Amino acid sequence: MSENVKIAIITVLKESEYFSLQLDESTDVAGEANLLAFVRFELNGNIEEGMLFCQSLSTKTTGEDIFKSVDTFIKENEVDWSKCVGLTTDGARAMSGIHTGLIARIRLVAPLVQWTHCSIHREALAVKDLDECLKKTLDGAVKIVNFIKARPKNSRLFGVLCDEMGSEHKPLLLHCEVRWLSRGKVLSRLFELRDELRVFLMEGDYDGKLASSYLELVTDENWLKRLAYLVDIFGALNVLNLTLQGKGIHKFFVQDKVDAMIIKLQRWALKVEQDSFDAFPVLHDFLGTNEVKIDKATATTIQNHLKS
């Protein structure tokens, strides 16, 4: 079946007047370096796209090795390199290097090619840095999740507790930097199960120092406020990320979405300055339910993060 799909893609690719490539190299959980390639081409007046190939890089992952892998596939399937007019990658040196990078090598065989830095990758890089206070909150949340998820016994007991307390969800989710929706989903689930987590840490017989430090976090009102904010902001960024991909998405659409998000962030920062947090539903609900207010230091932290 996979061979039939490959032949179908190659057949219409050869008939297309132009095509563009999207390439990404990443290492999987087994430590294997994989190169994934997608292709866009013209078919009957429409722009079509599909996965071209996924190959492992057995040795190094330099621009030369990546190019050899792509070049071999293109030549073996008798596709005309000169028809390649677009290339999208991340900003890694192996991809974007002007002398030995992948782009420089492809330009030698495809003079018309134009390089684009992946919009989602750029946006992900822009929001990666956090204020020290918020970073500590995120790190604490990840450590709590790992304390439960990395120990099978803890994970099973926590699932039983969630079931007894009638929780909608039972397992926590693991955080992974490579998975770009990870932060929002992990923090959302952790905040949702905060009461179950508090009971679990109070009643369980665990490593005293670790459990007590994590219990301090989930009972700390200010830490929970910052966590609620992170749930909201990363949730909003996840929505943005999802709208930036899919068939028919082009640069102008992406730019409009990013510009709209920037305007939202500016307005949210103004609202925070006025002590209004209704733009952040999880945080707003937490404040209302517990009848508490945001302290000045936390408000300043949130405001600075939104502006950055």
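These are my notebook entries on a predicted model.

**Entry: the sheet**

I began with the strands. I found an open sheet of five strands, with mixed pairing. I read its order as S3-S2-S1-S4-S5. Strand S3 (46-57) and strand S5 (114-117) form the edges, and each pairs on one side only. I looked up the twist too: from one strand to the next it averages 20°.

Helix H4 (residues 102-109) packs on this sheet. I noted that H4 touches S1, S4 and S5. The direction of H4 makes about 175° with that of S4.

**Entry: pairing around S1**

Next I took S1 (residues 19-27) and looked at its partners. With strand S2 (residues 33-43), S1 pairs in the antiparallel sense, and I have nine bridges for that pair. As one register point I wrote down Glu25, which stands opposite Leu35 in S2.

How do S1 and strand S4 run, parallel or antiparallel? They run parallel, joined by four bridges. I logged two register points here. Ser20 stands opposite Gly86 in S4. Gln22 has Thr88 of S4 as its bridge partner.

**Entry: nonpolar cores**

I then turned to the interior. The largest nonpolar core holds 54 residues. Which of its residues touch the most other members? I listed Leu190, Tyr229, Leu230, Phe277, Leu283 and Leu306. Helix H11 (residues 221-243) gives the largest share of this core, 11 residues.

Another core lies apart from that one, with 30 residues. Among them I marked Val12, Ala37, Cys84 and Ala110.

I went back to Leu190 and looked up its contacts, leaving aside neighbours within four places in sequence. The list reads Ala141, Ile144, Val145, Leu172, Leu197, Trp223 and Leu227.

**Entry: Asp131**

Asp131 sits in the loop between helix H5 (119-126) and helix H6 (132-149). Buried or exposed was my next check, and Asp131 came out as partly exposed, because its relative accessibility is 30%. That value falls in the range between the 20% limit for buried and the 50% limit for exposed. The side chain of Asp131 reaches the backbone nitrogen of Cys133 at 2.8 Å.

I also looked at Asp131 and Lys307. They are 176 residues apart in sequence. In space, C-alpha to C-alpha, the separation is 11 Å.

**Entry: cysteines**

How many disulfides does the structure hold? I found zero. Cys118 is in no disulfide. Its nearest cysteine sulfur belongs to Cys84, 16 Å away. For a disulfide the two sulfur atoms would have to lie within 2.5 Å.

I checked Cys162 separately. Cys162 counts as buried because its relative accessible area is 0%, and the limit for buried is under 20%.

**Entry: positive phi outside glycine**

Last, I looked up two backbone angles. Asp275 is not a glycine, yet has a positive phi of about 60°. I placed Asp275 in the loop between helix H12 (251-273) and helix H13 (281-290). With a relative accessible area of 58%, Asp275 is exposed.

Glu291 is the second case I noted. Its phi is positive, near 50°, in a residue other than glycine. Glu291 is in the loop between H13 and helix H14 (296-307). Its relative accessibility is 73%, so I logged Glu291 as exposed.

How values were computed
Residues numbered from 1 in each chain as written. Predicted model: local features only at pLDDT ≥ 70, side-chain atom pairs only at ≥ 80, totals over all residues. Heavy atoms only, no water. Pairing = 2+ DSSP bridges. Core = buried A, V, L, I, M, F, W, Y, C linked by side-chain atoms within 4.5 Å. Buried < 20%, exposed > 50% of the residue type's maximum accessible area, 1.4 Å probe, protein only. Contact = heavy atoms within 4.5 Å. Polar contact = N/O pair within 3.5 Å; in protein donor to acceptor, adjacent residues only side chain to side chain. Axes fitted to C-alpha atoms, helices over the stretch in contact; angles between N-to-C directions.
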